[in-house]
Amino acid sequence: MTDTILEATDLVKKFGDNVAVNDVSFTMQEGEVFGLLGPNGAGKSTTISMLTCLYPPNQGSMRIFGYDVVKEAPKVKAVIGVVPQDIALYPTLNARDNLSFFGEMYGLKGRDLKERVETVISYVAMTERAKDAIKTYSGGMKRRINLAAGLIHSPKLLFLDEPTVGVDPQSRNHIFESVERLNQEQGMAILYTTHYMEEAERLCDRVAIIDRGQIIAMDTPKNLIGMLGGGMIHIGLGQEDEALRKEVANLSEVRSASYAVPVESEAGISTKVVLKVEAQTHANAALVQLIQLFNQKDTEMLSLETLEPNLESVFLHLTGKSLRQ
Amino acid sequence: MRIFSLFKNDIKRVFKDVGVFIGLLLMPLVIIIPTILDTDFSEMEDDTEEKGTPIGIADFDGSQISQDFIKELDENLLIEQDYAGEILTQYELEGDPRCAQSGPACDEAVGLVRLVDGSIAGLLVIPEGLGAAFKDGKQTPVILYFDPGGDALLATQVEKISQGLAIKVALTSQIEGAKGDFTDLNSISDPKVRDEIDQMINQPAIGTGGETAIHVDEVTPSGYSEQKKLGPVELSLPQTSVLFIFLFPMFLVSWVREEQANGLFRRLLSTPANKSNLIVGKLFFGVLLCTLQMVIIYGLGIIASTSKGHSVALDIPGFLVLTLALSAASTSIGLLIASTRLPTGVAIIPMLLGGALGGCILFLDWMPPFMVPFSYFTPQRYGVSGYVELIGRGGDVISILPQVGVLMLFSVIFTGIAIWRFDLLD
């Protein structure tokens, strides 16, 4: 049985009247990669900021490796690493100078510091450019040094806040590999925030989907995707028709059907209601039956959208909007 | 340890950023070069011969001793005596019995009124019997009136001249064979000066030859500094350098805000460093930069001045102590500004206003009386008066301690407020 290393309970954070995080609770186990998936402004960074001792919560409690995050901040800071969303590096200094400085902030010095600097530079494959000023790097290279700075003191728990924003595919892949190696080879626990569902699917053992400051679903990526069965079909209609919904739900390739008020205009057409249809095995098979049924009943589809079973679709299914909004 | 790392990192950043490094190096030159190039030293020396500090004299004694005393004062200050005519009308004293005829009583009456309205810096009242008392070897008080709520710089100047002159007269009296004591009773006579007078007077009688006059110069008490002719460095550098050093916060504000915008403070606050560490680290960095710039300014100023034949004496420990305190005040203001959302272009206005009120643009001595009380709330004032004391009056680290104390107080207050209100995550 693995130990719980992070425990966030009923976290609330307000900025004036704006509730950025509303009653968020989750735990992390030793060696786990935990993802916070949500669109911009969902509350991911605020949650991380509270957990990394930057903001105290208005309500709730947080414990990391048994330490109270608010009351025992110095102890917490010593065991966590933070890779912020911004490229928080000194642009005129080179990689070694930057990493040495951050190492000193964690109390490293002398030979230990030098060794750690070389180790993390090598880890992110930046040895050849280590003498160059950060401002001469590409966005991806900066992201890699940004990651290295969070690893300089060998943390037990690493917070990665959207580490691949604005990164070229090569560097992005390198960051993925680094995260996987850190987790698999060193057993480092990682809390990873992103609004890219493919990152969460690839890297995370468990994912919490967060929207408007609240966790709306939390499970393994496989189980979350399983919520959609064989996929989802959203059909825009002019009005609710309960008889139609029952007929749809009785189709052999349909698992369930329900009405929802659309959050946005789907396919650019204003619809009053959306019939959400969950496919039994595969969305295409359900779609054939649905089109036949609608033709038979001479009912017009104002919009039609097929959602493949992935986390993006789960988010859309749960919130009615896409992750990139 | 973390504060030192933060400080070291900022220094490293300056050296790695060629633009910033050259800018910081050139900025002091912008201040000092015009001072050196645009000044005709010979003209400046002539200007310094003007006696700018007016002081009233009411001589109730009228003896040779008091006349000698006044003569000595007249060499250093602008003496006002024997008031009559329009000035009595101006102060509505023409009907005052004390001014029925010109004399010390009228001088005292007019002098006190002029002292109150700031027309003169002080009023020295020489009592009747000073000369006789000298001959009898008795102590006689002379009274110096000055406005303690007025310009402390002027008061200090008058005090020191009075002390020095008093000592000179006492020594002259001693050389001539008199065995009397001389003590001025004004509020500024400090025990040290008095002790030194006593020590001199208790020396064996002098009068065995021409060497006595030389001996007088050698025993001049440390509390007395002779007024010297001031060159351009002494006259203009205290003002321009202090004005300059209080513009430095604008650089610091940009420096800090850039780190804030890059998310560096956010990252640093997730390390074991805390907000106080970060701000105090910046304070040390700012103090070092300011001090180095002042060293460049004064170093070049003194070298240029000396090369043109006008030697400038500067007490190095005093200069360093004052500069460190001034730099701390300046940097702490920068941190305070950085803690606000005030745009840099707007933030420069209070700096310039502080400079104007603090004597950086208009000499404190020439400042309209209504402005003087405001100057006490500006750190610039204490910087200017400190440098004037050091470079213009030959002061040392002890004599500028009041200014250093006030500047340190400003620093502590401003830094404290900056730590309290600075939202580094904003």
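**Group meeting talk: a walk through chains A and B**

Let me open with a single residue: A:Arg206 is partly exposed, because 19 other C-beta atoms lie within 10 Å of its own, and a residue needs 20 or more to count as buried. Before I go on, please keep in mind that this is a predicted model.

So where does A:Arg206 sit? You will find A:Arg206 in strand 9 of chain A, which covers residues 206–211. Which residues does A:Arg206 contact, once neighbours within four places in sequence are left aside? The partners are A:Glu32, A:Phe34, A:Met218, A:Asp219 and A:Thr220. Take A:Met218 from that group: A:Met218 is 12 residues away from A:Arg206 along the chain, and their C-alpha atoms are separated by 7.2 Å.

Here is another residue to set beside that one. A:Leu113 belongs to helix 4 of chain A, residues 110–123. A:Leu113 is partly exposed too, because 19 other C-beta atoms fall within 10 Å. Not counting residues up to four places away in sequence, A:Leu113 touches A:Ser100, A:Gly103, A:Glu104 and A:Leu108. If you would like a distance here as well, the C-alpha atoms of A:Leu113 and A:Phe101 are separated by 9.5 Å, with their positions 12 residues apart along the chain.

Let's zoom out to chain A as a whole. How many helices and strands does chain A have? There are 11 helices and 14 strands. Of the 325 residues in chain A, 45% are buried. As for contacts in chain A with a separation of 6 or more, 72% of them come from residues 24 or more positions apart.

Now for the sheet I'd like you to rotate into view. In chain A, 4 strands form an open sheet in the order 2-1-4-5, and the pairing is antiparallel. The edges are strand 2 (18–29) and strand 5 (67–68) of chain A, each of which pairs on one side only.

Let me take strand 1 of chain A and look at each of two partners in turn. With strand 2 of chain A, strand 1 runs antiparallel, joined by 9 bridges. One pair to look for there is A:Leu11 with its bridge partner A:Val24 in strand 2. These two strands of chain A also form a hairpin with 2 residues between them, and A:Gly16 in the turn has a positive phi of about 70°.

Turning to the other partner, strand 1 (residues 4–15) and strand 4 (residues 59–64) of chain A pair in the antiparallel sense over 5 bridges. Here A:Ala8 has A:Met62 in strand 4 as its bridge partner, and A:Leu6 stands opposite A:Ile64 in strand 4. What lies across these strands? Helix 1 of chain A, residues 44–51, lies across strand 1, strand 2 and strand 4, and runs at about 120° to strand 1.

Over to chain B, starting from where the chains meet. In that interface, 19 residues of chain B are in contact with 20 residues of chain A. On the chain B side, the elements that give two or more residues are helix 1 and helix 13 (264–269). Helix 1 of chain B gives the most to that side, with 6 residues. By class, the side of chain B that touches chain A has 6 nonpolar, 6 polar and 7 charged residues.

Helix 1 of chain B has a packing partner inside its own chain as well. Helix 1 (residues 2–16) packs with helix 14 (residues 275–307) of chain B at an angle of about 50°, with their axes 8 Å apart. That angle is why helix 1 counts as oblique to helix 14 of chain B. The crossing of these two helices of chain B is right-handed. Between helix 1 and helix 14 of chain B, the contact has 8 nonpolar, 2 polar and 2 charged residues. Among the residues that meet there are B:Leu6 and B:Phe7 in helix 1 and B:Phe284 and B:Phe285 in helix 14.

I'll finish with a second helix pair in chain B. Helix 15 (residues 316–338) and helix 18 (residues 379–392) pack at about 170°, with their axes 10 Å apart, so helix 15 is roughly antiparallel to helix 18 of chain B. The residues that meet include B:Gly318 and B:Leu322 in helix 15, and B:Gly383 and B:Tyr387 in helix 18. This contact in chain B has 7 nonpolar, 3 polar and no charged residues.

Thanks, everyone!

Conventions: Residues numbered from 1 in each chain as written. Chains lettered and ligands numbered in written order. Predicted model: local features only at pLDDT ≥ 70, side-chain atom pairs only at ≥ 80, totals over all residues. Buried ≥ 20, exposed ≤ 12 C-beta atoms within 10 Å, placed from the backbone. Contact = placed C-beta atoms within 7 Å. Pairing = 2+ DSSP bridges. Axes fitted to C-alpha atoms, helices over the stretch in contact; angles between N-to-C directions. Parallel < 35°, antiparallel > 145°, perpendicular 65-115°, else oblique. Left-handed = near helix turned anticlockwise from the far one by under 90°. Nonpolar A, V, L, I, M, F, W, Y, C, P; charged D, E, K, R; others polar.
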